[in-house]
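This note concerns the packing of helices in the structure shown here. Please read the points with the coordinates at hand.

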Amino acid sequence: MSFAEYQNELYAQGQTGHQPQYPMTFAELEERASAAMPPKVWGYVAGGAGDEHTQRANCEAFRRWGLYPRMLVAPATRDMSIELFGMTLPAPVFMAPIGVIGVCAQDGHGDLACARASVRTGVPFFAGTLSADPMEDVAAALGGTPAFFQLYTPSDRDLAASLVHRAEAAGFRGIAVTLDTWVTGWRPRDLRGSNYPQVPSGCLSNYTSDPVFRRGLRPGEDATEAAVRELPIFGGPFRWDDLDWLRSQTRLPLMLKGICHPDDVRRAKDHGADAIYCSNHGGRQANGGLPTLECLPDVIEAADGLPVLFDSGVRSGADVIKALAMGATAVGVGRPYAYGLALGGVEGVVHVLRSMLAEAELIMAVDGYPALKDLTPEALRLVG
């Protein structure tokens with residue numbers, strides 16, 4: 001599969017007098033999405049913790065690295081496929097979980113739109129616990145395309161087990177346990193508007209459709225109101241003994257999302273983790289932390305062959321290439337596809353993903369890297 005062909009499609013549109021419908025740069029994508037999304041949703045998706053220094057630092061970290069060009073290679077074809085959990089995936093990019101992705105779509109069903117975009121592109125979707133549609137409906141829209149489930153682990157283990165078993169039965173290929181959101185970080189944009197988007201935004205369907213949760217409802221009680229009143233929306237504290245329990249509940253691969261310290265990586269391996277998901281939640285949870293890209297080399301070294309997924313600050317195909325060269329197995333995209341969804345639904349998401357993959361593959365072509373195995377840390381140089 002040549003993702004670079006998307007460039008030719010866009011040029012061909014110009015020959016018939018048509019220009020691309022959606023933006024070609026992240027800056028323009030963000031600007032247009034800000035006008036398309038309701039203000040509270042926009043503030044939630046675009047915002048970060050504190051003064052958003054860490055959010056900006058995640059992006060700026062990529063600018064400090066440059067890729068050596070290698071000439072007289074000119075690879076006519078480029079292999080971007082990866083192996084993950086016994087599957088061959090066409091590209092090393094995935095849609096990172098976004099809890100309010102449902103309401104980023106104009107029709108309020110963004111989870112389904114992203115699933116359909118995954119089918120169109122082959123880019124795996126991480127379906128979230130906070131979803132506008134039940135996970136079973138999202139899985140049906142995927143039609144067998146590999147996807148993963150992101151878990152906010154409820155303190156009620158019966159409910160947590162039910163979510164996990166539903167994800168397994170629905171056909172998701174792995175579970176990413178989010179570790180850094182058991183409390184909501186200090187988010188001034190949301191606080192300024194007293195905005196807690198998960199509550200009014202209709203992203204609680206996985207809870208309200210859950211049989212364990214519904215068994216606890218009183219006769220005639222509204223499920224959504226009960227969920228808002230009774231549940232910690234982001235789940236509860238998740239500790240090492242909880243990981244041991246969760247490991248006993250499923251045979252699906254477990255990815256631990258939020259790990260950035262090598263000691264935590266080594267301990268996670270000892271507790272049966274199948275992959276490390278290196279992330280600081282895009283700078284949305286804790287300000288003043290390290291850029292995730294700066295943590296990645298030590299995480300990869302400590303993982304010692306365990307797959308390492310990565311997100312936080314990825315805005316372009318060039319960013320994808322740099323994270324891969326550092327050793328990431330696969331790279332997650334967040335805000336860019338959310339903005340594409342707001343602008344064009346399925347088509348907007350497809351455009352964003354195809355654009356990033358085309359840029360990444362064209363960089364491999366121009367700079368002389370035939371396959372992902374050729375992108376190694378030695379291909380990078382610190383430039384500032």
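Two helix pairs are discussed in turn below.

1. The model under review is predicted, and the geometry and contacts given here should be read as computed values. Two packed helices are described by the angle between their axes and the distance between the axes.

2. The first pair consists of helix 14, residues 262–270, and helix 15, residues 292–303, whose axes come within 8 Å and cross at roughly 30 degrees. Since angles under 35 degrees count as roughly parallel, helix 14 is therefore roughly parallel to helix 15. Their crossing is right-handed.

3. On the side of helix 14, the contact involves Pro262, Val265, Arg266 and Lys269, and these meet Asp298, Val299, Ala302 and Ala303 of helix 15. Sorted by class, the residues of this contact comprise five nonpolar and three charged, with no polar ones.

4. The second pair is formed by helix 3, residues 39–46, and helix 17, residues 335–367; their axes lie 11 Å apart at an angle of about 160 degrees. Because angles over 145 degrees count as roughly antiparallel, helix 3 and helix 17 are roughly antiparallel to each other. This pair has a left-handed crossing.

5. Helix 3 contributes Trp42, Val45 and Ala46 to the contact, while helix 17 contributes Arg335, Ala338 and Tyr339. The contact of helix 3 with helix 17 is made up of five nonpolar residues and one charged residue, and no polar residue takes part.

Note on methods:
Residues numbered from 1 in each chain as written. Predicted model: local features only at pLDDT ≥ 70, side-chain atom pairs only at ≥ 80, totals over all residues. Heavy atoms only, no water. Axes fitted to C-alpha atoms, helices over the stretch in contact; angles between N-to-C directions. Helix = DSSP H or I, 4+ residues; strand = E, 2+ residues; numbered from the N terminus. Parallel < 35°, antiparallel > 145°, perpendicular 65-115°, else oblique. Left-handed = near helix turned anticlockwise from the far one by under 90°. Contact = heavy atoms within 4.5 Å. Nonpolar A, V, L, I, M, F, W, Y, C, P; charged D, E, K, R; others polar.
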